[in-house]
Structure formats: C-alpha cells, structure tokens
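User: I have a chain open and want to go through it with you. Can we start with the overall build and then look at single residues?

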Amino acid sequence: MSVDSEVTCQTSAEGDEKQMVDLIMDVFVATEPLNVCLRQQGLNKPDEYRREKFTEKVGELVGSPYTVVAKHLDRVVGVCVAELQTKQEYLNHKYQLEIYENLVRFLRQSETVQEKLPEKFLHLQLIVVSERYQRMGISGKMLGVVLEAAISSEDCSGVLAEATGLFSQRLLLNNGFQCISEVFYADYKDSSTGLHVFQNTGPHPSIKLLLLTL
C-alpha cells in the first residue's frame, strides 16, 4: 500500500496542537516566500515570537471544522488553518509585522475587493505539508475537507486566501478560486520606507488575493 493512500485528512482535535505548530514552524515559516525574504534581510520577527503567536492561533481554532490535519500513522503531516470572518473584521485586521501589514493593506485597496468580498466568509490562512509528504495531493485533500465544511455552513458565502507563493496559487486556482487583487513583489515599495522590500522571492512573482464564491 502506498504512503499517500494511508494518509487521512480530518478535523483537528485537542492533542494535535504541538505537532501542528511544530510543522508550521519547521516548514511554513522556513519556506513561505515572504518569511524567507524578510528573514534574509533581518526584518522578520524572532522564531520564539512566531511560535508563540501560532500556538495561540492553533489553540483558538483546533477542533473547528475549518482547521484540518493530515495524518500518517497518527503523526500530523499536513495542516490547513482557516476561520470565519466578517468583511469588516477582515478589512480592519492588522498584522503584527508592519511590512506585511502595509503589503496586505495595499492588496485590499482595489474597488474589486470592496465589491466582491462577501459579508461573511472563510479566511484560509495557511496550508502546509511536511516535506517528505509533498507532491502526494495532500494539500488538495485537506482543502477539499475545508471546502466541504464551508459549503455546508449557512454562515459562509465564500473562501478567501492571501496566496503568497506560486504553488499555493496554483492549488487554489485549480479549485475554482478567482484572483480579485494582485501585487507584484518587484513593483511593490513599502509605504513607510519607499524601498523595494520583497527581493529574491525566487519563482514566486506576486501575492494574490483569491476568492471562491459559494
């Protein structure tokens, strides 16, 4: 039996939190394009701070039908974190890192975003899979579980994601998401400093705001 056929995707449960946070720190924080770029420039928050914040967020959302884990032999090998938000909550939310906050604020400014955002939607915050288990379709399986839960909810009219990397963008676009705003890293200058902040992002040219209307 192949490894991918032994991987199960399910709603996260109490007791999964440490493995979830460890995977987020070891893979997502280490490889997500903007984290990598800012770390190279010494502009990112310390790992201890990031772990504390992810621990808080995972603790809040574990057990939610929108926060899913992939497991192999009882080990967490994938995590998908999402939460319900209102349009106003999303537009008013401020990120801890000012550089990223400025970028996302710029991304949200277009009239298309204001017009197309539903009044209440699921905010997909991250999808991450252990390096050994990548290219097995696990991200798509976790996303499918989350989308099923969103579709069955009367409170949710769409799913929104700020996709910073080419691979997550492809995954979401292949699952029916549409781009409602895009900022190219090479063109973006931070509003506080006037400098090109996001350099050396490899094959990842832009951040896209992607929306799936339900």
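Analyst: What follows goes from the whole chain to cysteines, a loop and some buried residues. Keep in mind that this is a predicted model.

User: What does the secondary structure of the protein chain come to?

Analyst: The protein chain has nine helices and seven strands.

User: And what is the radius of gyration, next to that of a compact globule?

Analyst: The protein chain has 17 Å, and a compact globule with 214 residues would be near 17 Å, so the two agree. Along its principal axes, the C-alpha trace spans about 55 × 40 × 30 Å.

User: How many of the residues are buried, as a percentage?

Analyst: Buried residues are 47% of the 214 in the protein chain. As for the outside, the accessible surface is about 10900 Å², and carbon and sulfur atoms hold 49% of that.

User: What share of the contacts with a separation of 6 or more comes from residues 24 or more positions apart?

Analyst: They account for 80% of those contacts in the protein chain.

User: Charges next. How many positive and negative ones, and how far apart are their mean positions?

Analyst: There are 21 positive and 29 negative charges, and their mean positions are 4 Å apart.

User: Switching topic. How many disulfides does the structure hold?

Analyst: Zero. Take cysteine 179: the closest cysteine sulfur belongs to cysteine 156 and is 19 Å away, which is too far for a bond, because a disulfide needs the two sulfur atoms within 2.5 Å.

User: Is cysteine 179 buried or exposed?

Analyst: Neither label fits; cysteine 179 counts as partly exposed, with 36% relative accessibility. Cysteine 37, on the other hand, is buried at a relative accessible area of 0%.

User: Now backbone. What is the phi of leucine 73?

Analyst: About 55°, a positive value, although leucine 73 is not a glycine. Most residues other than glycine have a negative phi.

User: Where does leucine 73 lie?

Analyst: In the loop between strand S2 (68-72) and strand S3 (75-86). Aspartate 74 has its place in the loop between S2 and S3 as well, and its phi is near 70°, again positive in a residue other than glycine.

User: Are leucine 73 and aspartate 74 buried or exposed?

Analyst: Leucine 73 is exposed, with a relative accessible area of 70%. Aspartate 74 counts as exposed too, at 60% relative accessibility.

User: Another loop, then. Where does serine 130 lie, and what does it touch?

Analyst: Serine 130 lies in the loop between strand S4 (120-129) and helix H8 (138-152). Setting aside residues up to four places away in sequence, serine 130 touches Leu23, Val27, Arg75 and Val77. At 10% relative accessibility, serine 130 counts as buried, because the cut-off is under 20%.

User: And tyrosine 185, which loop is that in?

Analyst: The loop between strand S6 (178-184) and strand S7 (206-213). Tyrosine 185 is buried, with a relative accessible area of 1%. Its contacts beyond four places in sequence include Leu34, Leu103, Thr164, Phe198 and His204.

User: How far is tyrosine 185 from phenylalanine 198?

Analyst: They are 13 residues apart in sequence and 5.6 Å apart in space, C-alpha to C-alpha.

User: What about strand S6 itself? Which residues does serine 181 touch there?

Analyst: Serine 181 is in strand S6 and touches Leu107, Ser110, Val113, Ile207, Lys208 and Leu209, with residues up to four places away left out. Serine 181 counts as buried at 9% relative accessibility. Its C-alpha is 9.4 Å from that of glutamate 111, and the two are 70 residues apart along the chain.

User: And isoleucine 180, buried or exposed?

Analyst: Buried, with a relative accessible area of 8%. Isoleucine 180 also lies in strand S6, and among the residues it touches beyond four places in sequence are Ser110, Val113, Leu160, Leu209 and Leu211.

User: Last one. Where is glutamine 169 found, and what is it in contact with?

Analyst: Glutamine 169 is found in helix H9 (residues 166-173). Apart from neighbours within four places in sequence, glutamine 169 is in contact with Ala163, Thr164, Ser206, Ile207, Lys208 and Leu210. Glutamine 169 is buried, with a relative accessible area of 2%.

Notes: Residues numbered from 1 in each chain as written. Predicted model: local features only at pLDDT ≥ 70, side-chain atom pairs only at ≥ 80, totals over all residues. Heavy atoms only, no water. Helix = DSSP H or I, 4+ residues; strand = E, 2+ residues; numbered from the N terminus. Rg over C-alpha atoms; globule rule 2.2 N^0.38 Å. Buried < 20%, exposed > 50% of the residue type's maximum accessible area, 1.4 Å probe, protein only. Contact = heavy atoms within 4.5 Å. Areas by Shrake-Rupley, 256 points an atom, 1.4 Å probe, with all protein chains shown as cover. Lys, Arg positive; Asp, Glu negative; His and termini not counted. Charge placed at Lys NZ, Arg CZ, Asp CG, Glu CD.
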